[in-house]
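Visitor: I would like a close look at a single part of this protein, with the sheet and its charged side chains taken slowly. Could you start from one pair of residues and work outwards?

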Amino acid sequence: MDHSIAAASLDYRDACGQALTLPIRDGLETQLKKRMGQVFERVHLEPGPSTGAVDGVVDTALGVRQVDLFIPRKANKSYPATVTLGMEFSYTDHHGTVLVSKKLQSAATGEVETRADTCSISGLDKVAEEAAAKLVEGMAQQLGTATKIREQAQFRKSGDKGTMQSAPVPPATPAVAPLAATPVVPVAPLQSAAGSTPQAAAPDSAIRSGMTQLSFRTIIRDDNQNHVLEQRESFSVEFEVKNEGAVVAEGVEVELSGHAAIVGGLKSPVSLGTLQPGEVRRVAVDGKVGAVADAEQAELMCALRASSNVLLPSAKKFFVAIHPDAGAAVEVLSVDVDQLPSRNGKSAQPNSVGIAIGIGAFRDPAVPTVKFAAHDADVMGGYFKTVLGVPPHKVKVLSDAKALRDDLIEVFEQWLPKQGSPQATVYIYLSGRAVVDQETGIVSLLPYDGTRAGASRMFSLARLQRALTKASVKQAVLMLDLSLEPSSGSDPGRVVPPRWTQQDSSGEPDRVMLMIGNSGLQEAQAYQPGQHGLFTYFLLKGLRGAADLDKSGTVLSGELCEYVHDQVDAVTRGATGGGQPTLCLPMGGRQPVLTGIPLSKIR
């Protein structure tokens, strides 16, 4: 824990306008120790190097600390108070590689009490405790769901414990410096074909007189566009470097390092020369994959170098699959899909609406759970806001106990019509369990309070599509990651296929595109390496840019459906019990308006 946590406090003014300080160190440290102990198997909390073998180091630093409170005078009255806290944290593995680096911010609002006979106020400590708890909970969720940390843990548990434990652990040096009283937003990964995570830009206050600051983006493009670098395959590494400051940056160059099969044929360093204030310089370096003995995951590091008056961003690391021979499409876990990009102010789709529902747990203990469903919906809701650019107030996320049948009715039949318009595109994501009526083929989602034996406690897709008609929207995209089972009491020898579009939906199929992750009566598969449902993981990956099949810079609805179909097929092909059949409706390029809906732009 950084010294900013050891000295953590909040400045505020009491009812007499006197400046006071509220210490928050104890509560913050308690929350951190408690939640880190729940995320990791064992945690070494004392300062200094550990006496035993560890897998990594978590560095934490407190950022923004702010109290919004105004008390005009002493009185027997309550006043609203908001406490905002920011946290910067990173996870560094035993090799010294930063696997996660993020900034988070949380806010809590409550009431403080004042009295007419004293200047003091009460209740601010409780608001601060709530803000700290939210902040640490967000940090714990990010670390606990980070794909790269989970991959490291799986690697250790798979039998390579000796290697992991014998490596020395670097000193716990903070990966990020605290930003006192500076607004903090979540750090987002760059959307790219092979995935990279841009580091947070330094604050404006860090750009001192005579100094400037650079930012850059990087993307790898392989020749056959399957996101795997194969022996002798041509590829390119593209850079976009910007001078963010008001001073000239001289001697700018990009340095490449990493696996010999990748960097062996690349020119390094790559000179960009001098960048004027605000100037953006783009350059591409072509290469060819060298000799590859075995399929493996390789690293490529990209770092900026410049004159001494330039503040440089952290290097970007790619994890890329390399293969000795060209083969079928194989997906590599090259990005952590849970890391949300930052919003760029104005919403890209101001007329759009997003609804994400994930139901993995049920009130009825006889109903099997659906792994990752609630988490899938939560992340997809974030993608609606950041990647697709839907206004946050037009996004609804429901999960588990907050997804009762009445909740579904309210969101689709009451809330949606108020958000819709003739220009609106509605994005709906459903993850969980559904029942297929073996008389009609109608597919019905099982809410948290639903039972497989009673259709009255379900919510059918037919009803959902009727709600879309009444909402008077332009078009809708439905993404369904559902485990399907036949209705209770049906004849096992008579299998009725799911009916995804309804005859009574007033022509709705002409305005609705369906991306169906599992079209058969079977369980939808979970994807353990990605910590999401299989279909959902590749939906998220595709929206980040991997589904931009024509490299136009925009992911279209038809491209996303095609990409997800190919990746799910590649993962499940030859699996025990058969694959997982996906389905895109309309099929075969019919209704080009629906298959050409622009979903996300590659930044």
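**A sheet and its salt bridges**

Guide: Happy to. Let us begin with F235, which stands opposite G287 in strand 12. Please keep in mind that this is a predicted model. Nine bridges join strand 9 to strand 12, and the two run antiparallel. Strand 9 covers residues 234-243, while strand 12 covers 280-288.

Now widen the view to the sheet around that pair. It is an open sheet of four strands in the order 12-9-7-14, and its pairing is mixed. Strand 12 is one edge and strand 14 (310-311) is the other, each pairing on one side only. In general, strands of a sheet pair through backbone hydrogen bonds, either parallel or antiparallel.

Next, the charged side chains. Strand 9 and strand 7 (residues 212-222) are linked by the salt bridge between R217 and E240, in which the closest N and O atoms are 3.8 Å apart. With a cut-off of 4 Å for a nitrogen and a carboxyl oxygen, this pair counts as a salt bridge because its distance is 3.8 Å. R217 is in strand 7 and E240 in strand 9, 23 residues apart. How buried or exposed are the two partners? R217 is partly exposed, at 36% relative accessibility, and E240 is also partly exposed, at 27%.

A second salt bridge joins E238 and R221, with the closest N and O atoms 3.2 Å apart. E238 lies in strand 9 and R221 in strand 7, so this pair ties together parts that are 17 residues apart in sequence. For E238 the relative accessibility is 27%, which makes this residue partly exposed; R221 is partly exposed as well, at 27%.

Moving on to other strands, R305 forms a salt bridge with E255, and here the closest N and O atoms are 3.1 Å apart. R305 lies in strand 13 (residues 296-305) and E255 in strand 10 (residues 249-258), so the pair ties together parts that are 50 residues apart in sequence. Both residues fall in the partly exposed class: R305 has a relative accessibility of 36%, and E255 has a relative accessible area of 35%. Elsewhere, R433, R452, E485 and E523 are joined into one network by salt bridges that share partners. The count of salt bridges comes to 14.

For comparison, here is another open sheet. Its four strands follow the order 3-4-5-6, and the pairing is antiparallel. The edges are strand 3 (56-68) and strand 6 (121-122), each of which pairs on one side only. Strand 3 is joined to strand 4 (residues 77-93) by 11 bridges, the two running antiparallel, and G56 stands opposite D93 in strand 4. Helix 3 (residues 124-145) lies across strand 3, strand 4, strand 5 (98-114) and strand 6, and runs at about 160 degrees to strand 5.

Finally, step back to the whole protein, which has 12 helices and 27 strands. Of its 603 residues, 50% are buried. Among contacts with a separation of 6 or more, 74% are between residues 24 or more positions apart. The protein exposes about 26,500 Å², with carbon and sulfur atoms supplying 50% of that area.

Key: Residues are numbered from 1 along each chain as its sequence is written. This is a predicted model: local features need pLDDT of at least 70, side-chain atom pairs count only at pLDDT 80 or more; totals for chains, interfaces and linings use all residues. Side-chain values use heavy atoms; hydrogens and water are left out. Two strands pair if DSSP finds at least two bridges between them. Contact means heavy atoms within 4.5 Å. Axes are lines fitted to C-alpha atoms, for helices over the stretch in contact, and angles run from 0 to 180 degrees between N-to-C directions. Buried means under 20% relative accessible area, exposed over 50%, partly exposed in between (1.4 Å probe, protein chains only). Accessible areas come from the Shrake-Rupley method with a 1.4 Å probe; for residues, only the protein chains shown count as cover.
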